[in-house]
Amino acid sequence: MLYDFLKDKMLQHPNQVISNDTESITYSELIKYAESFGKTLTKDKYGLLFNSDLDTAKALLACLYMNKTAVLLSKKYGEFHTQRIIDTAKLSYLITEEGVKCISDEQDECEDLSDVALIMCTSGTTGIPKGAMITYDNLITNLNDISKYFNINCSDHILIARPLYHCAVLTGEFLISLCKGLRISFMTEGFVPAKILKRAKETGVTTLCGTPTLLYHLSRMSLKSKEPLVLKNIAVSGECMTQTVAQVMRKTFSNTDIYNVYGLTE
């Protein structure tokens, strides 16, 4: 299963670190946490709603360990959007900073979720969010495919600046980094290009992923900086890449491998 696949990869780099502004945890400590907390999970499906993406990551691994379906939520998108997803996915239980929380007395419908690792919601740009069921095999196949082209390894440091709520971030940044043994840092403050640029320089980030909008602003700011940001890898996703953005990025990051990737949540 997926958890065993990830655990095997993580144990190759047990002392590698995952952190945010206030907390850090090694790969081996994350495994211990996931297996300890996971044993308390008895329901088939849980929504994950945290302020911290590191906490989301810890709860996700616990769900994967117990083969429980996880529905990732993000407070950054507001209560209304979050409630729409809770309703769409028919969630009765959430995992939050306070632990497992029952939010509905209604019984879950009889669903066969035995092979469903995640329910990831589409953006809902033309309607309400729609829950896409992602199987364990889907994710393993996806991770194997990404690993063939994404030139990252245990000497790299990735800064994750977008919520794990997005499939591209969860799979293409976080899970693939676990597989490859990267140092992982979560950017708590989110879409603040100046702070992302400062953090990346100060901590020796080598790998950064983001939307064209984010990377356009980072590129322009880096060009104006006395000490431009140097990166090994950039992966661009989430929006259409325009010629203008591509030209600015290439000018700024002339020696960087830039990947323009695309994939539906489904």
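**Around helix α5**

On the side facing away from its buried residues, α5 shows two exposed residues, Asp 137 and Lys 148 (exposed is over 50% relative accessible area, buried under 20%, with a 1.4 Å probe and protein chains only). Bear in mind that this is a predicted model, where local features need pLDDT of at least 70, side-chain atom pairs count only at pLDDT 80 or more, and totals for chains, interfaces and linings use all residues. Numbering runs from 1 along each chain as its sequence is written, and side-chain values use heavy atoms, leaving out hydrogens and water.

Now flip the helix over. The buried residues of α5 are Tyr 136, Leu 139, Ile 140, Leu 143 and Ile 146. Down the axis of α5 they fall within an arc of 130°, so they line one face; the arc is taken over the directions from the helix axis to the C-beta atoms. Here's the textbook bit: an α-helix has 3.6 residues a turn, so residues three or four places apart point the same way. Among the elements covering this buried side are α1 (2-10), α3 (53-65) and α6 (167-180), where contact means heavy atoms within 4.5 Å.

Helix α5 also gives the most to the lining of the largest pocket, six residues. That pocket has a volume of about 1,400 Å³. Of its 42 lining residues, Cys 167, Ala 168, Gly 238, Gly 263 and Thr 265 are the closest to its centre.

Elsewhere, look at His 157 in strand β9 (residues 157-160). His 157 is buried, at 4% relative accessible area.

Technical notes. Helices (H or I, at least four residues) and strands (E, at least two) are DSSP runs, numbered from the N terminus. On a 1 Å grid over the protein atoms alone, a cavity is a set of points where a 1.4 Å probe fits but cannot get out, and a pocket is an open set with protein on both sides within 12 Å along at least five of seven lines; lining residues have an atom within 4 Å of a point. Grid points are joined across faces, edges and corners, and a volume is the space filled by probe spheres set on the points.
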